[in-house]
Amino acid sequence: MNLSDKTLSTSARRERIVNQLKTLGSVQVNELAADFSVSTVTIRNDLSFLEKQGVATRAYGGAMLSTAPAVETERSIAAKLSEHPTIKERIAKQAASLILPGSTIILDSGTTTYEIARQLRGHEEVIVMTNGMNVADALIDAPGVDLLVTGGRLRRHSLSFFGSQAETSLQNYHFDMLFLGVDGLDPLMGITTHNEDEARLNRCMCDASKKIIVVTDSSKFYRISLHKIIGIDRVDKIITDSNIPGTLLEIFENKGIEVILVASE
């Protein structure tokens, strides 16, 4: 199998290495270097990165799949819309109840944050910034919401903007709250996402916000995606459903993270 592609980004190459690890159980440095037409030094750097992420365990001449929880692959936003819609709506209603007149917030891109945006149509005197095209679309006809969009390049797969323009747009603002959707949340690996550019933008959002509120259904717990956004120690609140594992609930509470539960399906 020849995976050679000189235009392949670092993120895409590492995703493909992860797929090989999941399929074969192990990979070899020399074989990967030949497949991707890059140096063995580049591949070793890739494997070191994946080891730090808990995905791989370095071995002589290559690496093996880590025994840590499996790394998740990205699903399209259309697929995500059909997952746990009732729970997402309940989470969104609870999140919207925290947003008072005069609030300044960031809504990350995603399907749960899209539901929050729909709940804000009747709110007054709220400023919302988002990098989600679908989130912005939900707020176009909301007269009480002053809408800001990060701009940047569009990822059609997730309907989200990213890049230096999006990151720069956050530098001169300070928001009360960030509502952050997640692809994966693990107590050791932290909050993760599939795309490197989105992870970087999400970190900028965290830095620009006084409080970080994670909104996710319980299926995302113990999932790990390739790129880390932040550790769970930076999270102020988590809004999720009552199917959260009891051991994980205890971990969050011991770390001083407020967990707000909605009914599960």
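**Close-up views of a predicted model**

**View 1. Ser11 and its contacts in the predicted model.** Leaving aside residues up to four places away in sequence, Ser11 touches Glu196, Leu226 and His227. Ser11 is part of helix 1. Its relative accessible area is 10%, so Ser11 counts as buried, the limit being under 20%. Asp46 is 35 residues from Ser11 in sequence, and the two C-alpha atoms are 9.4 Å apart in space.

**View 2. Helix 1 from end to end, residues 10–24.** Helix 1 has 15 residues, and its end C-alpha atoms are 21 Å apart. At 1.5 Å a residue the expected span is also 21 Å, because the rise is multiplied by one less than the number of residues; the two values agree. The buried residues of the helix are Ser11, Arg13, Arg14, Glu15, Ile17, Val18, Gln20 and Leu21. Just after helix 1 comes Gly25, which takes a positive phi of about 90°.

**View 3. Arg14 over the ring of Phe49.** Arg14, one of the buried residues of helix 1, lies over the face of Phe49. The distance from the ring centre is 4.2 Å.

**View 4. The largest nonpolar core, with Leu185 among its members.** This core holds 29 residues. Leu185, Ile191, Ile238 and Phe252 touch the most other members. Two or more residues each come from strand 9 (175–180), helix 9 (196–207), strand 12 (209–215), strand 13 (227–230) and helix 10 (246–254). Helix 9 gives the most, with four residues. Apart from this core lies another, of 25 residues, including Ile91, Phe179, Val215 and Ile260.

**View 5. Leu185 and the residues it touches.** Not counting residues up to four places away in sequence, Leu185 touches Gly190, Ile191, Val214, Lys220, Phe221, Tyr222, Arg223, Ile232, Ile238 and Phe252. Among them, Ile191, Ile238 and Phe252 are, like Leu185, the core residues that touch the most other members.

**View 6. The aromatic pair Phe221 and Phe252.** The structure holds two aromatic pairs. In the pair shown, the ring centres are 6.0 Å apart and the planes stand at 55°, so the pair is tilted. Phe221 lies in the loop between strand 12 and strand 13, and Phe252 lies in helix 10. The pair links distant parts of the chain, with the two positions 31 residues apart. Both Phe221 and Phe252 are buried, and both are touched by Leu185.

**View 7. Thr216 in the loop between strand 12 and strand 13.** Thr216 has a relative accessible area of 1% and is buried. Beyond residues up to four places away in sequence, Thr216 touches Ile91, Val182, Phe221, Ile239, Thr240 and Asp241. Of these contacts, Ile91 is one of the members of the 25-residue core, and Phe221 is one ring of the tilted pair.

**View 8. Pro101 in the loop between helix 5 (85–96) and strand 4 (104–107).** Pro101 has 60% relative accessibility; it counts as exposed because the limit is over 50%. Outside residues up to four places away in sequence, Pro101 touches Glu124 and Glu125. The C-alpha atoms of Pro101 and Ile257 are separated by 25 Å, and the two residues are 156 apart along the chain.

**View 9. Ser37 and Glu125, two loop residues with positive phi.** Ser37 is found between helix 2 (29–36) and helix 3 (40–52). Its phi is about 60°, although Ser37 is not a glycine. With 37% relative accessibility, Ser37 is partly exposed. Glu125 is found between helix 6 (111–119) and strand 5 (126–130). Its phi is near 55°, again in a residue other than glycine. Glu125 is exposed, with a relative accessible area of 59%, and is in contact with Pro101.

**View 10. Confidence along the chain and at residues 1–6.** The protein chain has a mean pLDDT of 88, and 90% of its residues reach 70 or more. Over residues 1–6 the pLDDT is below 50. This stretch has twelve contacts in the model beyond near neighbours in sequence. Where pLDDT is low, the predicted coordinates should not be read in detail.

How values were computed: Residues are numbered from 1 along each chain as its sequence is written. This is a predicted model: local features need pLDDT of at least 70, side-chain atom pairs count only at pLDDT 80 or more; totals for chains, interfaces and linings use all residues. Side-chain values use heavy atoms; hydrogens and water are left out. pLDDT is the predictor's confidence in each residue, from 0 to 100. Contact means heavy atoms within 4.5 Å. Buried means under 20% relative accessible area, exposed over 50%, partly exposed in between (1.4 Å probe, protein chains only). A nonpolar core is a set of buried Ala, Val, Leu, Ile, Met, Phe, Trp, Tyr and Cys residues joined through side-chain atoms within 4.5 Å. Rings of Phe, Tyr and Trp (its six-membered ring) pair if their centres lie within 6.5 Å; planes under 30 degrees apart count as stacked, over 60 as edge-to-face and the rest as tilted. A charge sits over a ring if NZ of Lys or CZ of Arg is within 6 Å of the ring centre and within 35 degrees of the ring normal.
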